[in-house]
Amino acid sequence: MLAIEEIKKITPSNLPALTILAGDDLGQFELLKEQFLRQIQFQPGDLNTAIFDMKEANYQDVELDLVSLPFFADEKIVILDHFADLTTAKKRYLTDEELKSFENYLENPADTTRLVIFAEGKLDSKRRLVKLLKRDGKIFEAAELKEADLRAYFSKEAQAEGLQFAPTAFDQLLLKSGFQFSEVSKNLAFLKGYKESGQIGLEDIAEAIPKTLQDNIFDLTQLILQQKIDEARSLVRDLTLQGEDEIKLIAIMLGQFRIFTQVKILAENGRAESQIVSDLSDYLGRKVNPYQVKFALKDAHSLSLAFLKKTMACLIETDYQIKSGLYDKDYLFDLALLKIATGELQAK
């Protein structure tokens, strides 16, 4: 069972003595945290609930609250928020002595205290402190979901909200959301507000869900590759009127063509899709979204490496010329788009 589903079973009466919310899917983590606070009926003014921001809290105050008796109740809840010291993040807010003192508390916790820890990020399993938490506590982890789990969960959520999707529309929702848990959740809310009844089609998703800058640059790239220069210019004009700068547009376009080039090289060297994801993650030092690779492979299939290299060189040169003040940046960017479209024509 997914953490977001399991956490809905928590109530004030069955709250474990020690609960830990963690995970490196930060969007999902925030939703998990919000759901948990609703489940325990958290009220900031409740004298039997204390919450400490561990980025700023004095540990002596925390420890005093952990061991003190509750007001007019049998038990109380102490929440330690932003406890980065327990994760693989390099940030540290407590001293070694304070962490040791907290470890001692976990070995002999107060019977009347229900301890809750929010630690956004991946728990550092090498730390003895984390091993104690895993041994004695109930852990809810916001981990990146597999596509099948993501589909299953949000299919149930959509059904519960009374939303029905036309064929391929649900796939478009996931794609539009980048297969990110928090984005799918947010975009479902947009759809619910846009169309409370009836079947949701592709046109509804296009209308209801706001386009991100990444979406617009993806559209711009596709227009250029299809030599639709007038439409591309119109989109660029809209983006600049919205306050977007040509240098920023170039940086995002360069990132798209870079991923096209990387997956193209790896695919031509016989790497399978899953291997490409793994190789790129190792090379970039961060986890690459598998769906980004999937669609980059599709888009790069008909493009030659020679064209991709020339396109990146053109964008880099244009960026340099704009920053050097050679000509007006709108002229230079427009010229670059024309060169890329012409290069695509020659490559074919």
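How many salt bridges does a search of the whole structure find? The search comes back with 22 salt bridges, and several of them get their own close-up below. Keep in mind that this is a predicted model.

**View 1. The whole chain, split into three parts by the domain assignment.** Domain 1 covers 3–141, domain 2 takes 147–198, and domain 3 runs over 213–342. Going by C-alpha atoms, the centres of domain 1 and domain 3 sit 43 Å apart. If you're setting up a box, the C-alpha atoms fill one of roughly 75 × 50 × 45 Å along the principal axes. The secondary structure adds up to 16 helices and seven strands. Of the 348 residues in the chain, 44% count as buried.

**View 2. E6 and K138 joined by a salt bridge.** Here the side chains of E6 and K138 meet, with 2.5 Å from N to O. E6 belongs to helix 1 (residues 3–6) and K138 to strand 5 (residues 138–141), so this pair ties together parts that lie 132 residues apart in sequence. Are these two residues buried or exposed? Neither label fits: E6 is partly exposed at 24% relative accessibility, and K138 is also partly exposed, with a relative accessible area of 31%.

**View 3. R233 and D230, a salt bridge inside helix 11.** The closest N and O atoms of R233 and D230 are 3.9 Å apart, and a salt bridge is only called within 4 Å. The two residues are three apart in helix 11 (residues 229–241), so about one helical turn separates them. R233 is partly exposed at 33% relative accessibility, while D230 counts as exposed at 61%.

**View 4. E268 and K264, a salt bridge inside helix 12.** In this pair the closest N and O atoms are 4.0 Å apart. E268 and K264 are four residues apart in helix 12, so they too are separated by about one helical turn. The two ends sit in contrasting surroundings: E268 is exposed, at 52% relative accessibility, whereas K264 is buried, with a relative accessible area of 12%.

**View 5. A salt-bridge network with six members named.** Which residues are linked in it? The network takes in K100, E103, E107, R128, R135 and D136. As a general point, side chains of opposite charge can pair when their charged atoms come close.

**View 6. The largest pocket and the helices around it.** This pocket holds about 1400 Å³ of space. It is lined by 40 residues, and the closest to its centre are L175, Q214, D215, F218 and Q292. Helix 7, helix 8 (181–194), helix 9 (202–208), helix 10 (213–225), helix 12 (246–268) and helix 14 (290–300) each put at least two residues into the lining. Which helix gives the most to the lining of the largest pocket? That's helix 12, with seven residues.

**View 7. The largest cavity.** One cavity of 30 Å³ or more turns up in the count. The space in the largest cavity is about 70 Å³. Its lining is made by D25, E144, L145, L150, F179, Q180, F181, N289 and Y291.

**View 8. A nonpolar surface patch around F72.** L47, F71 and F72 make this patch, which comes to about 440 Å². F72 is found in the loop between helix 3 (59–67) and strand 3. With a relative accessible area of 85%, F72 is exposed.

**View 9. H82 and T168, two residues with positive phi.** Backbone-torsion fans, this one's for you. H82 is not a glycine, yet its phi is positive at about 55°. The residue lies in the loop between strand 3 (76–81) and helix 4 (96–107). H82 is buried, because its relative accessible area of 18% falls under the 20% limit. T168 is not a glycine either, and its phi is positive at about 75°. The place of T168 is the loop between strand 6 (164–165) and helix 7 (169–176).

Definitions and conventions. Residues numbered from 1 in each chain as written. Predicted model: local features only at pLDDT ≥ 70, side-chain atom pairs only at ≥ 80, totals over all residues. Heavy atoms only, no water. Domains from an automatic or database assignment. Buried < 20%, exposed > 50% of the residue type's maximum accessible area, 1.4 Å probe, protein only. Patch = residues over 30% accessible without salt bridge, like charges linked within 9 Å, V, L, I, M, F, W, Y side chains within 5 Å. Areas by Shrake-Rupley, 256 points an atom, 1.4 Å probe, with all protein chains shown as cover. 1 Å grid on protein atoms, 1.4 Å probe; cavity = no way out; pocket = protein on both sides within 12 Å on 5 of 7 lines; lining within 4 Å. Points joined across faces, edges and corners; volume = space filled by probe spheres on them.
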